[in-house]
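Hi everyone, and thanks for coming. Let me put the structure on the screen, and then we'll walk through it together.

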Amino acid sequence: MKKVVKFGGSSLASAEQFEKVGNIIRADESRVYVVPSAPGKRDSSDTKVTDLLYKIYGLIKADKPYIKVLEQIKLRYAQIIRGLGLKVSLSKEFEEIRKKLEKGAGEMYVISRGEYLNGKIMAAYLGYDFVDAANVIRFNDDETLDAEETYKLMRTHLDAHERAVIPGFYGSKKNGEVVTFSRGGSDITGSLVARAVKADIYENWTDVSGFMVADPRIVKGAQVIHTITYSELRELAYMGASVMHEDAIFPVSQVGIPINIRNTNDPSAEGTMIVERTSRISKYTITGIAGMKGFVSLSLEKDKMNTAIGFCRKALTAFEESGISVEHMPSGIDTMSVIVRQKDFAEKEQQVISRIEELCQPDHMEIESDLALIAVVGRGMRSTRGTAGRLFSALAHSHINIKMIDQGSSELNIIIGVASVDFDEAIKAIYSVFVDANL
């Protein structure tokens, strides 16, 4: 058994949290490769180290002094080192960082140093080898990931290390220039390492005990999803459900390595297992509920639309020309609706409307804003009769008007649109009928 384990910022925010992580790793000898994030918040009033690094870069760009913020970061790491009783000095590392800042280091280099320094501490604490992610994660010149070269480099480097710490979040181009993933990208690093070393499991440790059926900020005491497929997770992540970076799914899903979401503060909890496919029957008809606010619906009507060849293509051309991505497109015989994100549409709405009038000449056009989309996802929906009926009845009982319905051909999900003001109540109603009613 070989495991890759990634720990998030909240799991490494202090010496006390480091000790929890150390106990978790030492409790299982198969946890051989460790991917740490930068220290997160110790409490609600605290600041993440990565945010402090962003602040430093902003100060430098504004030609303002940044040393006080750098000293604040030094103190954070010094407190962790002291709390762990380590005889480790990061003086050389901080001096190198300062010199590169003075020479105009780029933003990606600056914000990557949180993981780099935390990786140094983690390696010393565990007695593991330190492998700089810049040496094993390769980006192309356009800053996209070169996956094949990355796997090749990782296999070459990590084969020489029985146990190692690889900092998350960043890599480099061939010329050594540091490049980062998008925020939360340490999850991706862990996934890449897991695939490269052919791990049996990729454990992603955070501050929650797995994925919840619904957002616990909306549904108090929401149940944990014990097993979820990659496909289900993709649907939920697309609609805003997030415990890990959505791009971390692809490297391991392509080779069938399961991901286990675990809680650093409750290591006895089994968490959520994310798998390619499973014979396990979900406890509930649905697996999860997720949603987002901030959408606009543009509805078009035209007599005999179904016989007007190219009508949909022309309508979508108007959005494409304005650089607006279409989220959903439910349609009828003489009607079609295009759902887009409000923030993308707002500044270009008149341009889009004019182009649609020119290309499509609709009989009627209507815009409705402040919509929320909610995805109800579950592999159990395929084999359960009356799922849609229960869903719509639950919303009707809560006096919530459905603005839009869209169901994929896979029968894995149903997406509904409601007014943003009804968003929370809609999720509570759906959760109640599918989960509370079955407890």
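**A walk around one predicted model**

Let's start at one residue: Asp370 is partly exposed, because its relative accessible area is 48%, and the range for that label runs from 20% to 50%. Please keep in mind that what you see is a predicted model. Asp370 sits in strand β14, which covers residues 364-377. Its backbone is worth a look too: phi of Asp370 is near 55 degrees, a positive value in a residue other than glycine. Who touches it? One residue in contact with Asp370 is Ser420. Ser420 belongs to the loop between β16 (413-419) and α14 (423-434). With a relative accessible area of 16%, Ser420 counts as buried, since the cut-off for buried is under 20%. Besides Asp370, Ser420 also touches Lys293, Gly294, Leu371 and Ala372, leaving out residues up to four places away in sequence.

Now let's zoom out. How many helices and strands does the protein have? There are 14 helices and 16 strands. The radius of gyration is 25 Å, and the globule rule gives 22 Å for 439 residues; those values are close, so the protein is as compact as a globular protein of that length. If you picture a box along the principal axes, the C-alpha trace spans about 75 × 55 × 40 Å.

Of the 439 residues, 51% are buried. Take the contacts with a separation of 6 or more: residues 24 or more positions apart account for 75% of them. On the outside, the protein exposes about 20600 Å², and carbon and sulfur atoms supply 46% of that area. As for charge, we have 55 positive and 59 negative side chains, and the centres of the two sets lie 6 Å apart.

Next stop, a lysine on the inside. Is Lys6 buried or exposed? Lys6 is buried, because its relative accessibility is 7%. You can find Lys6 in strand β1, residues 3-7. What does its side chain meet? A polar contact of 2.8 Å joins the side chains of Lys6 and Asp187. Not counting residues up to four places away in sequence, Lys6 touches Val35, Ser37, Ser186, Asp187, Tyr202, Glu203, Asn204 and Trp205.

Asp187 takes us to helix α7, where Asp187 is one of the buried residues. The helix runs over residues 186-196, and 10 of its 11 residues are buried, so α7 is largely enclosed by the rest of the structure. The buried ones include Ser186, Ile188, Gly190 and Leu192. A reminder for those new to helices: an α-helix has 3.6 residues a turn, so residues three or four places apart point the same way.

What comes after the helix? α7 is followed by Lys198, whose phi is positive, near 55 degrees. Lys198 is in the loop between α7 and β7 (201-206). Lys198 counts as exposed, because its relative accessibility is 68% and the cut-off for exposed is over 50%. So here is a nice pair to remember: Lys6 is buried at 7%, whereas Lys198 is exposed at 68%.

Let me finish with three quick visits.

Arg26 is in helix α1, residues 15-26. Arg26 is partly exposed, with a relative accessible area of 47%. Leaving aside neighbours within four places in sequence, Arg26 is in contact with Tyr125 and Leu126. Along the chain, Arg26 and Glu16 are 10 residues apart, and their C-alpha atoms are separated by 16 Å.

Tyr238 is in helix α8, residues 230-238. Tyr238 is partly exposed as well, with a relative accessible area of 32%. Its contacts, again without residues up to four places away, are Met292, Glu327, His328 and Arg341. Tyr238 and Arg390 are 152 residues apart in sequence and 24 Å apart in space, C-alpha to C-alpha.

Finally, Ser268 lies in the loop between β9 (259-263) and β10 (272-275). Ser268 is exposed, with a relative accessible area of 66%. How far is Ser268 from Ala13? Those two are 255 residues apart along the chain, and their C-alpha atoms are separated by 21 Å.

That's my tour. Thank you for listening!

Notes: Residues are numbered from 1 along each chain as its sequence is written. This is a predicted model: local features need pLDDT of at least 70, side-chain atom pairs count only at pLDDT 80 or more; totals for chains, interfaces and linings use all residues. Side-chain values use heavy atoms; hydrogens and water are left out. Helices (H or I, at least four residues) and strands (E, at least two) are DSSP runs, numbered from the N terminus. The radius of gyration is taken over C-alpha atoms; the globule rule is 2.2 Å times the number of residues to the power 0.38. Buried means under 20% relative accessible area, exposed over 50%, partly exposed in between (1.4 Å probe, protein chains only). Contact means heavy atoms within 4.5 Å. Accessible areas come from the Shrake-Rupley method with a 1.4 Å probe; for residues, only the protein chains shown count as cover. Lys and Arg count as positive and Asp and Glu as negative; His and the chain ends are not counted. The place of a charge is taken as NZ of Lys, CZ of Arg, CG of Asp or CD of Glu. A polar contact is a pair of N or O atoms within 3.5 Å; within protein, one must be able to donate a hydrogen and the other to accept it, and residues adjacent in sequence count only if both atoms are side-chain atoms.
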